[in-house]
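Trainee: I would like to go through the salt bridges in this structure. Please take me through the reasoning for each answer.

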Amino acid sequence: MNRPPPLTTVTVSGYYGFGNTGDEAIALAITRELRKYSTQPLLLSNTPAETARTYDCQSAERMKPAAVLGALMRSRVLLSGGGGLLQDKTSARTLTYYLAIIRLAKFMGRRVVVFNQSVGPLSEQGGRRVARALRGVTVIVRDQGSLDTLASLGVRAELGGDPALLLSAAPTERDLKRVIVAPRGDVTDATEHLRDVVRRLQDEGRHVTALSFMPDHDDDAAHSLGANDVISTRDPQVALDAIAASGYVIGVRLHAVILAAATGTPFTGIAYDPKVQGFCADAGAPAHPTTLNAAQVAEEALRRVLPDWNAIEDMKLRATQSFGRALNR
């Protein structure tokens, strides 16, 4: 009797289990794709029981050293990412944590892959720390800006794509007069200007839906926009399906525009962070600073300005191929 080969366990380190729909979209895509390679995903999570249940995978407590060590002992590969993990803009502790996981996996002799991350912003000291930690590591980034950042640090990397680009929405009918606006709670200058955008779109007969990607963080901003309705969700499939049913997306949240690209919905990014600017630049889509011109952004939504769909298809292809490269298949 022929038995199937045992599954290889792959530990995935990211910002999982915090109720951020964008990062959960990455988790959903990674777990789905890894199974196509007959591997068992093991996600390091802030809420491991919920993560295991949601994605039907193994999970371990990300902040318990014994749990992390146990996960790596059961694994052949560590994927660090996706997401924007290697940066010290928010906190030096963030960078310290993710580099510590990478160093531990290297010490244990595991294959380590920085997987479809955005890298930066980095302080001078942070850049040196990243360069040291990534010696001998396979590095795949999701945007050209990160490739350039690493090149300036002497780190060789290759271009992949955000795994969430590979998600599919449920079959739905698109309403071209519906516009999704996805704010971010801590980017208050953008929220102020987006209120004006919403009013202008409504004056032109558009139905505006405010989409809160991280309810605890974004709900107040979403409800303040004056939109026709608000969707507040931690479920990436709910966000994906709402975007697929709309005619345009205006996103401060990075994964609002990434899920728009995944579903063939044109979009405008509001670049509170270089990763938003980087994705929009690679996708050939408009992007604006947080002090955006409301009339210009509203006009883009009304005209449904298209990104470079060929560039987005290239991103999706690179995202697909990156799994094989990461697993050395």
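Trainee: In helix H5, what separation do Glu124 and Arg128 have in terms of helical turns?

Mentor: This is a predicted model. Glu124 and Arg128 both lie in helix H5 (residues 124-133), 4 residues apart. Because of that spacing, the two are separated by about one helical turn.

Trainee: How far apart are the closest N and O atoms of Glu124 and Arg128?

Mentor: Side chains of opposite charge can pair when their charged atoms come close. A salt bridge needs a side-chain nitrogen of Lys or Arg within 4 Å of a carboxyl oxygen of Asp or Glu. Glu124 and Arg128 form one, with their closest N and O atoms at 3.4 Å.

Trainee: Is Glu124 buried or exposed?

Mentor: Exposed means over 50% relative accessible area. Glu124 has 66%, so Glu124 is exposed.

Trainee: Which residue forms a salt bridge with Asp273?

Mentor: The two partners are 184 residues apart, and the pair links distant parts of the chain. Asp273 sits in the loop between strand S13 (267-270) and helix H11 (274-283), and its partner is in the loop between strand S5 (83-86) and helix H4 (92-107). The closest N and O atoms are 3.8 Å apart, and the partner is Lys89.

Trainee: Asp186 forms a salt bridge with Arg184. Is Arg184 buried or exposed?

Mentor: The closest N and O atoms of this pair are 2.7 Å apart. Asp186 is partly exposed, at 46% relative accessible area. Buried means under 20%. Arg184 has 16% relative accessibility, so Arg184 counts as buried.

Terms used
Residues are numbered from 1 along each chain as its sequence is written. This is a predicted model: local features need pLDDT of at least 70, side-chain atom pairs count only at pLDDT 80 or more; totals for chains, interfaces and linings use all residues. Side-chain values use heavy atoms; hydrogens and water are left out. Buried means under 20% relative accessible area, exposed over 50%, partly exposed in between (1.4 Å probe, protein chains only).
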